[in-house]
Every structure is written in C-alpha cells, then in structure tokens.
Amino acid sequence: MSSNDLVEAPAVRRETPSRTPSPTPALAAATLGFALITLDTSVVNVALPAIGADLGTGMTGLQWVVDAYTLVFAALLLSSGALADRVGAGRAYGIGVVVFTLASAACGLAPGLPSLLAARAVQGAAAAVMLPASLALVREAYGDPARRARAVSLWAAGGTVAVALGPVVGGALTTAWSWRGIFFVNLPLGLLALALLTRVARSERRPAPLDLPGQLTAATAVGALTFAAIEGGTEAWWALGVAAVTLTAFLLIEARRRRPMVPLGLFRNTAVAVAVTAGAANSVAFYGMIFVFSLFFQQVLGLSALGAGLMFLPMTGLLAGVNLLSAKAAARYGARLPIVVGQAVAVAGLLGLLVVDADTPRVAQALLLVPLALGAGFSLPPLIASMMEAVPAERAGTAAGLLNAIRQTAGALAIAVFGSLAARDTVGMATALRTSLLICAGLLTLTTLASLRLPGRRAPGVGR
C-alpha cells in the first residue's frame with residue numbers, strides 16, 4: 001500500500017538528456033532514499049511506549065512524535081516537486097538526504113520531547129524534498145520507457161519492503177537497544193545514499209513556479225486542525241478558527257492564481273474526487289490502526305516492542321504481493337472492481353477486529369489484522385491509476401501529489417483523533433479501540449459506495 005500511494009506523486013518530472021553511463025547508482029540511491037522515507041512512517045509506532053517512558057510524556061506527546069513528521073511531510077509534498085525542478089533533482093536529493101540524516105541524529109540524541117519534535121519536523125521537511133527528487137533521478141537515468149518502468153517498480157518495492165519491515169525493525173531496535181536506535185539506524189543508510197549519489201550525473205535545472213502563499217496557508221490549516229484534534233480544550237477552538245481562516249485563504253489563493261499549486265477544477269472530475277476521498281479513508285484505516293494497535297499490544301497485552309512489531313508482520317508482509325495482484329485484476333476487469341472489492345474487504349476486516357480483546361489468542365489477533373491490509377493493498381493501486389487516467393497528462397504529477405498529500409494528512413489526523421480517544425481518562429483503551437474501528441469502517445463504507453460511480457469494466461481487449 002504505502003509504496004504505491006507515493007509512486008505517482010513525482011510524475012511531474014520531465015526527461016533530461018543527461019544520463020550516467022550506468023543507471024544503477026541512480027536507481028540504488030533513489031531506492032535507498034525512498035526506503036528511508038517510508039521506513040520512518042512506520043518504524044516509530046512500536047517505539048512510542050518506550051519514548052513516553054524515557055522522556056516522561058503522555059499520549060499527547062506521543063501523537064506529536066508521529067504527526068510532527070507526517071504533517072510537515074504531507075504539507076510540503078504539494079510544492080516539493082517544483083523545488084526539485086528549480087535546483088535540479090540530484091542537488092535537491094543530496095540536500096534532502098543530508099538534512100534527513102542530520103535530523104535523524106538529532107532525534108536519537110534528543111534530551112527531551114521539544115527537541116525530538118523539532119527534529120522530527122525537520123525530518124519530515126527533508127523527506128518531502130527527497131521523495132520527488134528520488135524518482136526524478138530514476139526517470140533521468142533510464143531513457144528507455146520499458147527499462148524505466150522496471151526501474152520504477154524496483155524503486156516502489158523498496159518503499160513496500162521498508163513499510164513491511166518497519167514495525168519489526170523498530171521493535172527489535174527498541175527491545176535490544178533503545179528507542180533511539182530507530183533513528184540512529186538512518187545514519188549509515190543516509191551516508192550510503194550520498195556515496196551512491198556521487199556516481200550520478202548532475203541534473204539539469206528547470207524553471208518551475210513556486211506557490212509560496214498557497215503552501216503557507218495549506219500548511220497552517222493542516223497544522224491547526226491537527227493541533228485542535230490532539231490538544232483539545234479551549235485551545236482547540238482557537239485552532240479550529242485558525243484552520244477555517246487559513247483554509248478559506250488557501251482556496252481563494254488557489255482559485256485566483258494563474259498556475260495554482262492545487263487546481264481546484266480537478267475536484268469536479270468524479271474519478272479525482274473518489275480517489276481523494278477513498279485514498280484518505282484508506283490512510284485513516286491503515287495508519288490509524290497501526291498506531292492504535294501498537295499501543296494496545298504493549299499497554300494492554302504487555303508485549304515488548306519487538307513482540308508488537310512481530311504482530312504486524314503477517315499484515316504488512318502481504319502488501320507487495322497484494323499490490324501486484326491488484327494491478328493484474330485492474331488490467332483484466334477495470335479499476336472499479338478491485339477498488340470496490342478491496343475497500344469492502346477492508347471494512348469486513350475492521351468489523352472483524354471488533355472482537356479483539358485482551359483474552360483473544362495472539363495468533364488470532366495477528367491474523368485478524370490481515371484482511372485490513374489485503375483490502376487496503378488491493379484497492380489503492382487501481383485507485384491511483386484511475387485518477388491518473390482521468391486527468392490530462394500535464395496535470396498528472398499535480399493530481400498525484402495532491403492525492404498523496406491528502407492521504408498523509410488523513411493519516412496524521414487519524415492518529416490525532418484516535419490517540420485523543422485513547423488518552424481520555426473516562427475511556428479505556430478497549431473502548432477507544434472499538435470506537436476507532438467503527439469510525440474507520442464507517443468512512444470506508446461511504447467511500448466504497450462512492451466508488452461505484454467510477455467507470456465499469458473496460459472495453460474488450462483493453463488492458464489485456
């Protein structure tokens with residue numbers, strides 16, 4: 001799921017005549033960078049109880065440990081492609097890797113929660129720069145479309161493997177060493193990516209407009225909304241007011257710009273509207289449940305961080321294979337069928353998880369998480385593909401970047417809301433878990449019904 005939800009975002013990149021004699025270093029550097037980015041979206045969850053115990057922070061602080069990275073990453077994805085164009089893909093990627101690596105060291109050395117959150121935000125900003133630049137390196141290195149497609153598949157596979165291994169790696173490092181190890185492991189990987197980058201030809205710079213007012217208002221609106229969900233109380237009402245004002249300003253800015261960061265007319269397209277809403281619901285369910293169950297496994301069941309990570313292995317280990325199966329199904333039957341079926345399976349999986357409690361056998365708990373991953377992984381690739389086919393070629397990168405930014409934001413908001421439910425003194429973890437499951441199931445049910453509006457099976461012979 002998580003590699004395919006990002007693979008299309010940097011499609012705004014264009015061909016450049018400069019190529020290395022061997023494209024392998026570019027592919028290796030780009031894949032390693034993408035794996036680092038996606039690893040950091042999943043590796044932290046199982047370490048949260050250890051972070052809370054060591055730094056003396058509660059649920060609110062732990063929510064920000066995750067969302068400080070995700071929110072900045074999501075907000076800056078909207079314009080990071082244009083930035084990579086302006087400075088050159090190789091230069092942007094190198095800067096991003098350096099900053100990401102230094103920020104990872106700062107996370108591992110953080111003496112308290114404020115410094116950890118600041119370093120996590122810098123990590124997210126660097127990741128947003130790295131993502132489009134990494135795929136741009138692959139596109140520049142492979143001139144032949146067929147070879148480029150295979151290279152992009154390998155690039156995407158790196159992200160899928162990282163997401164699958166994230167909970168296990170995070171659990172193992174936290175249990176055997178410390179939660180700080182989940183950040184220190186990025187240092188040698190970042191240095192390796194930089195070493196590979198030295199063997200990649202210099203990228204061409206291209207003129208690209210930057211929408212700074214739109215970027216600023218979008219980031220402020222998302223940040224204020226998340227703050228309201230996490231903090232609550234009187235401050236939440238002020239934050240909601242800020243979110244409403246800045247969101248309105250963002251819409252007005254985008255409606256009046258000649259080259260907006262987010263062309264609002266895209267939402268008039270049914271496929272785009274369905275993809276954005278269904279993609280957001282998909283992220284709420286997938287990332288929200290990983291967050292909540294990470295806490296449940298450790299705080300309720302008393303498992304170690306490694307034990308919690310291993311509980312997710314059956315779920316995440318199937319993602320790559322399900323993604324490939326989904327692509328074949330979409331090619332044969334059209335996108336609507338796997339989108340609807342995948343979301344329906346995810347809803348069934350969420351409802352099945354309602355029976356989970358402290359007395360449920362561990363093996364059963366791990367297996368009950370599998371349908372959620374199967375459904376999410378089966379529905380997302382054709383969802384992205386249908387959106388890409390519905391927009392003009394010159395809007396493909398913008399549309400995909402918008403989808404990915406909204407999906408990341410939805411995941412961050414899910415963590416904010418579900419974490420707030422779990423933090424309430426009057427609500428036990430079991431009740432918070434069931435409420436979160438019902439919210440996810442309700443959202444996915446609505447988007448499943450909305451997906452029925454997508455075009456049906458393709459004409460005979462198409463995509464076969």
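## Internal cavities

A cavity is a set of grid points where a 1.4 Å probe fits but cannot get out. The model examined here is predicted, and the count comes to two cavities of 30 Å³ or more. The largest cavity has a volume of about 130 Å³.

Its lining consists of 13 residues, and those nearest the centre of the cavity are Thr41, Asn45, Thr70, Tyr287 and Ile415. Two or more lining residues are given by each of helix H2 (24-42), helix H4 (59-87), H12 and helix H19 (396-423). The largest share, four residues, comes from H19. In composition, the lining of the largest cavity divides into seven nonpolar residues, six polar residues and no charged ones.

## Overall architecture

The protein chain has 20 helices and zero strands. Of its 464 residues, 58% are buried. Among contacts in the protein chain with a separation of 6 or more, 85% are between residues 24 or more positions apart.

One pair distant in sequence is Ala92 and Pro132, which are 40 residues apart along the chain, while their C-alpha atoms are 9.2 Å apart in space. Ala92 lies in helix H5 (residues 89-109). With a relative accessible area of 3%, Ala92 falls under the 20% limit and is therefore buried.

## Nonpolar cores

The largest nonpolar core has 67 residues, and the members that touch the most other members are Val44, Ile51, Leu116, Met289, Phe293, Phe297 and Leu350. H12 gives the most to this core, with 14 residues. Apart from the largest core lies another core, of 37 residues, including Ile37, Met130, Ala136 and Val200.

Met289 illustrates the surroundings of one such core member. When its neighbours within four places in sequence are left aside, Met289 is in contact with Val284, Ser294, Leu350, Leu372, Phe418, Ser436, Leu437 and Cys440. Of these, Leu350 is also listed among the core residues that touch the most other members.

## Aromatic pairs in helix H12

A search of the whole structure finds nine aromatic pairs. In one of them, the ring centres of Phe293 and Phe296 are 6.0 Å apart and the ring planes stand at 80°, so the pair is edge-to-face; the angle required for that class is over 60 degrees. Both residues lie in helix H12 (residues 270-300), where they are three residues apart, about one turn of the helix. Phe293 counts as buried because its relative accessibility is 1%, and Phe296 is likewise buried, with a relative accessible area of 2%.

Phe293 also pairs with Phe297: their ring centres are 5.6 Å apart and their planes are at 45°, so this pair is tilted. Phe293 and Phe297 are four residues apart in helix H12 and are therefore separated by about one helical turn. Phe297 is buried, as is Phe293.

## Links between the features

Phe293, Phe296, Phe297 and Phe312 form one aromatic cluster. Two members of this cluster, Phe293 and Phe297, are also among the residues of the largest nonpolar core that touch the most other members. Helix H12 recurs in each of these settings: Phe293 and Phe296 lie in it, it gives 14 residues to the largest nonpolar core, and it is one of the elements that give two or more residues to the lining of the largest cavity.

Notes
Residues numbered from 1 in each chain as written. Predicted model: local features only at pLDDT ≥ 70, side-chain atom pairs only at ≥ 80, totals over all residues. Heavy atoms only, no water. Phe/Tyr/Trp six-rings, centres within 6.5 Å; stacked < 30°, edge-to-face > 60°. Buried < 20%, exposed > 50% of the residue type's maximum accessible area, 1.4 Å probe, protein only. 1 Å grid on protein atoms, 1.4 Å probe; cavity = no way out; pocket = protein on both sides within 12 Å on 5 of 7 lines; lining within 4 Å. Points joined across faces, edges and corners; volume = space filled by probe spheres on them. Nonpolar A, V, L, I, M, F, W, Y, C, P; charged D, E, K, R; others polar. Core = buried A, V, L, I, M, F, W, Y, C linked by side-chain atoms within 4.5 Å. Contact = heavy atoms within 4.5 Å.
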